[in-house]
Structure formats: structure tokens, C-alpha cells
Amino acid sequence: MMSDRQIIEGCAKHERKAQQLLYDKYSRYLLGVCLRYASNKAEAEDILQDSFLKIFFNIKNFCGTGSFTGWLRKVAVNTAITHYHKNLKYRYNVDIDEYVSVETGTTSFEEDLFSSEELYKVLNELPAGYRMVFNLYAVEGYKHKEIAEILGIDTNTSKSQYSRAKAVIRNKLEKLGKIKISLSEKREYEVID
Amino acid sequence: MKAKKHDISVRELFRQKLESAEVIPDASVNARLMHKLAIREFFHFNPARFNIYYLGGILVAGISIAIILSSGTGKSDKLPDLNIPGEHRDTVGTINITYPIKNAVVQKSGTPNKYITGSIRNKPVIKPEISAVNKPVQTRISKGTDAIITHPGTNDSFTQKGLFTGPSKKNTILQGGNKSEELIFESSFTEGCAPLKILFHNKIVDFDSCRWTFGDGGSSDKKDPGWIFDVEGEYKVVLEVFGPDGLRETSSKIITVYPKPSARFELSPDKANLPDDEISFLNYSADAVKFNWDFGDGTTSELFEPTHRYEKFGNFNVRLIVSSEYGCSDSLIVVNAFSDSKYFIDFPNAFIPSTGGPTGGFYSSKSDEAAQVFHPANSGVGEYQLKIFSKLGLLIFESNDIYTGWDGYFNGQLCNPGVYIWKVRGNFINGEPFTKLGDVILLRN
């Protein structure tokens with residue numbers, strides 16, 4: 001098995017074997033990233049493909065100081081952003097007062113109540129704009145100001161989009177959680193019985 | 001009993017669960033990626049791999065070797081491989097003549113035949129497979145005609161009889177031997193792009209008959225023939241002139257015909273949304289080294305495969321002119337390249353609101369399969385404003401976000417079943433405005 005360093009050097013020389021190894025090693029992780037930004041798996045795989053092409057052609061620009069996975073992830077996220085811009089279907093028009101009014105509830109969830117598949121599904125069903133803002137803010141940890149620059153929207157829009165996205169997600173998770181809890185209680189009851 | 005677990009917020013939940021989640025890609029993704037990669041790398045400069053730059057280098061080297069070899073052996077009567085068109089095309093049609101006359105390469109072939117007696121057999125000077133096409137022609141030298149012939153050794157000058165008009169005012173007199181280095185014919189061009197039409201002019205003033213062989217299997221007995229070379233290559237054009245008393249003069253000249261490049265390209269994506277999509281121009285042109293793109297919106301490019309982002313929607317004519325290293329050119333215009341727009345907005349005529357309370361009207365194609373939210377089916381909508389009125393004209397709903405539809409509630413109360421009027425205004429992302437008005441039936445289940 002080659003080390004990351006050897007793989008990077010091989011990829012910089014465009015060696016097919018190293019490229020294949022890189023793909024085998026990181027495609028699952030990167031698809032996990034891409035799927036958060038897509039509305040379905042096929043779209044995520046398209047983003048993944050474009051990300052790998054970018055990675056293979058730009059790997060010589062990876063200076064080797066930071067974390068390699070971090071770099072790969074950044075390329076994938078940037079590709080997803082480009083993809084979003086390409087498929088931009090609408091522009092946002094959200095008033096600030098909506099942002100204030102929409103912030104509802106502070107329900108928290110049990111960590112292990114939901115599987116990652118379910119969380120992906122919730123993200124996939126979100127409108128693309130909500131999904132971008134939510135991912136960039138909540139998971140990637142960008143600031144609203146940065147997100148506004150990346151997506152070409154207003155900082156306040158980013159904030160309100162995030163709140164609304166969170167509200168929609170919370171709503172969905174609550175519904176899903178109720179079903180799951182009732183199911184699991186039923187199962188426990190059956191076991192006791 | 002279920003163990004009590006740590007409660008976390010939505011943000012933490014997603015971060016912890018999905019930050020390093022792995023999803024197994026479909027096996028076909030790998031294959032498609034490697035295929036795409038192979039194509040991209042072929043067009044990418046890399047000294048360690050065989051790619052288009054090497055291919056280009058090999059082609060250039062091969063062509064230059066071929067040119068060196070053919071010019072080196074040109075004097076030994078070696079002709080290039082010839083395609084025999086089989087028929088003489090007299091149509092001038094759409095010929096672009098781009099090359100001016102250059103100094104002809106003087107090449108003498110054949111020697112004066114001193115043993116002609118009465119009849120002359122056309123002596124084959126070209127390859128056997130070509131002479132098979134050239135029927136041997138028997139030419140009888142007529143005596144005692146008006147022809148004025150200069151006999152070898154005499155320097156008498158004769159008046160021109162005005163029989164010939166051609167590009168050159170200087171005419172030559174049949175001398176019966178290659179005494180001078182001068183060619184006995186002229187051509188309008190010696191090189192050019194295929195298909196190349198050339199006018200030949202026989203400079204000999206008086207003679208009995210002449211015969212042209214054009215090197216591609218064709219021949220002519222006219223004095224000043226025109227000939228079209230359809231196929232690229234080098235052709236040895238030979239003129240033989242026969243006079244009385246066995247006089248014979250011959251000259252030859254090499255005509256070089258360059259390949260005509262072909263301009264071909266495709267747009268990607270083929271159904272583009274202007275101005276959002278960046279258009280890639282995929283270049284499939286052949287035999288060309290220079291590319292001039294005109295995107296139709298006033299911008300141009302000279303790249304092999306440019307990409308372009310249009311400022312606004314419109315029907316643009318995209319034109320590509322390619323030229324080869326010899327200056328031959330070809331062009332292709334795609335008229336109204338982006339004519340099929342796929343933008344639309346349509347509304348349903350009924351919906352069934354949820355009875356469980358206001359939903360806020362958020363929807364996506366998957367989440368609203370029960371038609372609980374009144375919203376449009378659409379593509380490419382930019383600015384958007386939806387208003388819904390009751391039959392009495394009261395505005396009961398307004399939305400500026402296409403992803404927020406009407407959930408059927410007004411002030412927290414589910415509206416009565418019946419007909420409601422909707423009005424939508426806005427524009428598509430290409431700038432095209434829309435205004436629509438209609439009614440919708442609110443149903444209860």
C-alpha cells in the first residue's frame with residue numbers, strides 16, 4: 001500500500017495507478033461530502049467526478065503543509081459551489097423580518113436517534129439554496145459573511161436562509177423522530193412482553 | 001430501558017454525523033471518471049505521457065520529412081501518390097483561389113525525340129498506373145498548313161498570328177528542342193488549396209497539336225485548358241507540343257495542392273441556459289492550426305477550445321474560421337445557437353391543503369406529492385411574485401420566493417373550499433418577463 005505522499009507524487013506525474021489508488025482511498029469520503037450538497041446520489045456522483053478531475057489536474061498545487069484530506073474536501077466543496085452556481089434556478093428574496101420570526105424552538109435531538117442516511121435524505125430534500133447555506137455554515141463552519149461572498153448573496157440573506165433551513169430541518173426531524181420513537185417504544189414493549 | 005443519550009442541537013447533529021461520513025459511489029463512477037480523465041489528459045500538456053502535443057509533433061515531423069523526401073526526389077521523375085478522379089470537372093463553382101502566382105519550379109522532363117517519323121506515340125513520362133489511364137494518342141503532324149515553325153538553328157522571327165490570348169504577352173515559338181531553360185507554358189497558380197482550379201497557357205504560338213497531362217490521371221488536348229485538382233498532393237503537369245517535321249517540345253511543372261481544413265465544432269451543454277451556463281466549444285476541426293471564434297455577441301477568441309459566458313440571453317450565431325499552416329481556410333456558422341430555451345412556469349388548477357395547521361408553504365418536488373401546497377412547476381425563474389386573491393378581491397397570500405407556495409391558510413385559519421384567483425409576475429433568468437393569471441380550486445379531503 002502506498003502512503004499518501006507516494007500517491008500524491010504519483011498523481012502529480014499523472015500516473016494512472018496512483019490516480020486509481022487515490023480514487024479508491026478517498027472516493028467514499030468525498031462522496032459523503034458531495035452528497036450533502038446534492039439533491040440525489042446521481043448529482044453527487046457528478047460533483048464527485050468533477051472534483052476528482054480538478055484534484056488530478058491540480059494536485060501539484062497542494063503544497064503539502066496542511067492536511068491532505070482537508071485539501072481534498074475543500075476542492076469537493078468548491079466544486080459543489082460551482083455546480084450550484086451552474087444550476088442556479090432562482091434568486092433569494094427574503095426579508096429580514098422573516099428571519100426574526102422564523103427562529104422557532106430550541107428542540108435538541110438525541111445524537112444517535114437518526115442514521116446518517118436519514119440526515120442525508122433530509123438535506124437532499126431541502127431547496128438547493130437552503131442546502132448550500134446550511135452545509136457551509138453548520139458543517140463546513142464558514143461565517144455568514146464568507147458564505148455571502150461565496151454565493152453572491154447578502155449577509156442577511158445568508159443568515160435568514162440558514163434560519164429557515166434549520167427550521168425546515170427541525171420540522172422534518174421532529175416528524176421523523178416521533179415516528180422513530182413510537183416505533184422503538186413499541187419494539188421495547190414487544191421485547192418485554 | 002433505553003440509555004439516556006446526550007442531546008445536541010441540529011447543527012451539532014449534522015456536523016458530528018456527516019462531517020466524515022462515507023458513501024460508497026456507484027462502480028460506474030470510477031469507470032466514467034477514468035475515461036474522462038484519459039480524454040482530458042490527452043489534451044493536457046504532460047511531457048511524461050503521449051498526448052495531443054506529441055501527436056502534433058509527430059505529425060509535423062512526419063509531414064516535414066515527407067516534404068523533404070519528395071523535394072529531394074522530385075528530379076527523378078518521382079510523382080506523389082495520386083488519386084485519379086476519373087472525370088474532368090469543368091465547373092468552376094465555388095473555388096476559392098487564395099494563392100498568387102509564385103515562381104514556378106522549372107523542371108524539364110523528356111528529351112526531344114529525334115526519331116519521330118510521321119507519327120508520334122505519346123511517350124509515357126509518368127508512373128505506369130497513370131499511363132494506363134492516358135490512352136496513347138497518335139498524333140499526325142500535318143504539313144503544309146498555316147503553321148509557322150522555326151526550324152532548329154534558325155533565328156528567324158515570325159509575327160504572331162493572334163491565335164492565342166493568355167496571361168502572358170510573351171509567346172514562345174516552337175523550336176523543336178529544349179534549347180532554352182524557359183518553360184513553354186504558364187499556369188495561373190503553382191500552389192493552392194484544394195479544390196484548386198488552375199488555368200494553363202501554352203506559350204507556343206504555332207504548332208499542330210499539343211497534349212497536357214495533369215499528373216492526376218487527367219489529360220487535355222486544348223491549347224489553354226483549365227483544370228481542377230480536387231485532392232491534395234503534388235502533381236506533375238506535362239505539356240507536349242508537336243509540330244511538323246517531328247518537332248516536339250515538352251515542359252513540366254509541379255503543382256502543389258494543399259489540403260483544405262474542415263471547421264467543425266459542437267456546443268456544450270447542448271441545451272444551455274443563458275446567461276447562467278458557461279458554454280464550452282468543443283473543437284473537432286481537422287487540418288487546421290489557427291482558430292478564430294466569433295461568439296456572435298461581439299466577442300471573439302483564438303483559443304483551440306474556448307469557453308464563453310454570455311452576458312444575456314439571446315439568439316447568437318457562433319462562427320468558427322479555421323486556417324491551416326498553408327493559409328487554407330474553412331468556416332462553420334451555427335445560426336441561433338441557443339434557440340431552444342427550456343424555461344417555463346405553470347400552475348395547477350387545484351390543491352388540497354393540509355388540515356394539520358399552516359405549513360409555511362415550503363415545498364420541494366418530493367415533499368409535496370400530496371399537493372398540499374399551491375405552487376408552480378417551473379424552470380429558469382428569476383424574479384418572481386405570486387399573489388392570491390379571494391373571489392371578493394381580498395389579497396390573502398403573497399410570496400416572492402418560488403419555493404414558498406400557498407399552504408391554503410389565511411391568518412392561521414384554513415380557507416374555505418372554493419375558487420381563488422392567482423396572479424404571477426416575474427421574469428426568467430434570461431430576462432424574458434412573464435405575467436400569468438388564473439384560478440385554483442381549494443379542495444378539502
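This passage walks through chain A, its core and one of its helix pairs, and then turns to selected strands and backbone features of chain B. The structure is a predicted model, and every value below is computed from it.

Chain A is a good place to start. Its secondary structure comprises nine helices and one strand. Read from the N terminus, the order of elements is α-α-α-α-α-β-α-α-α-α, with the strand following the run of five helices. The chain has 193 residues, and 37% of them are buried. Of the contacts in chain A between residues at least 6 apart in sequence, 66% link residues at least 24 apart.

The largest nonpolar core comprises 72 residues. A:Leu30, A:Cys34, A:Leu48, A:Ala76, A:Val133, A:Phe134 and A:Ala165 have the most contacts inside this core. Helix H2 of chain A, residues 16-36, supplies the largest share of the core, namely nine residues. Another core lies apart from this one and has 29 residues, including B:Phe189, B:Trp212, B:Phe229 and B:Ile254. Back in chain A, A:Cys34 is worth a closer look. Leaving aside residues up to four places away in sequence, A:Cys34 touches A:Ala44, A:Ile47, A:Leu48, A:Ser51, A:Ala76 and A:Ala80.

A:Cys34 also takes part in a helix pairing. Two packed helices are described by the angle between their axes and the distance between the axes. For H2(A) and helix H4 of chain A, residues 68-86, the axes come within 9 Å and cross at roughly 40°. H2(A) and H4(A) are therefore oblique to each other, and their crossing is right-handed. On the H2(A) side, the contact is made by A:Tyr26, A:Leu30, A:Val33 and A:Cys34. On the H4(A) side, A:Leu72, A:Arg73, A:Ala76, A:Val77 and A:Ala80 contribute. A:Leu30, A:Cys34 and A:Ala76 thus appear again here, having been named among the core residues with the most contacts.

One loop residue of chain A also deserves mention. A:His14 sits in the loop between helix H1 (4-12) and H2 of chain A. Although A:His14 is not a glycine, its phi is positive, at about 60°. A:His14 has 19 C-beta neighbours inside 10 Å, so this residue counts as partly exposed.

In chain B, strand S7 (residues 209-213) pairs with two other strands. S7(B) is joined by five bridges to strand S10 of chain B, residues 233-242, and the two run antiparallel. Within this pairing, B:Ser209 has B:Phe242 of S10(B) as its bridge partner. S7(B) also pairs with strand S8 of chain B, residues 219-220, over two bridges in the antiparallel sense. Here B:Trp212 is matched with B:Ser220 of S8(B) as its bridge partner; B:Trp212 is also one of the residues of the 29-residue core. The hairpin of S7(B) and S8(B) has five residues between the strands, and B:Gly215 in this hairpin takes a positive phi near 85°.

Two further backbone features belong to loops of chain B. B:Ala194 and B:Pro195 are joined by a cis peptide bond, with omega about -10°. B:Pro195 lies in the loop between strand S5 (191-193) and strand S6 (196-202) of chain B. B:Asn411, in turn, is found in the loop between strand S24 (409-410) and strand S25 (413-414) of chain B. Phi of B:Asn411 is positive, near 50°, in a residue other than glycine. B:Asn411 counts as exposed because it has 7 C-beta neighbours inside 10 Å.

Notes. Residues numbered from 1 in each chain as written. Chains lettered and ligands numbered in written order. Predicted model: local features only at pLDDT ≥ 70, side-chain atom pairs only at ≥ 80, totals over all residues. Core = buried A, V, L, I, M, F, W, Y, C linked by C-beta atoms within 7 Å. Buried ≥ 20, exposed ≤ 12 C-beta atoms within 10 Å, placed from the backbone. Helix = DSSP H or I, 4+ residues; strand = E, 2+ residues; numbered from the N terminus. Contact = placed C-beta atoms within 7 Å. Pairing = 2+ DSSP bridges. Axes fitted to C-alpha atoms, helices over the stretch in contact; angles between N-to-C directions. Parallel < 35°, antiparallel > 145°, perpendicular 65-115°, else oblique. Left-handed = near helix turned anticlockwise from the far one by under 90°.
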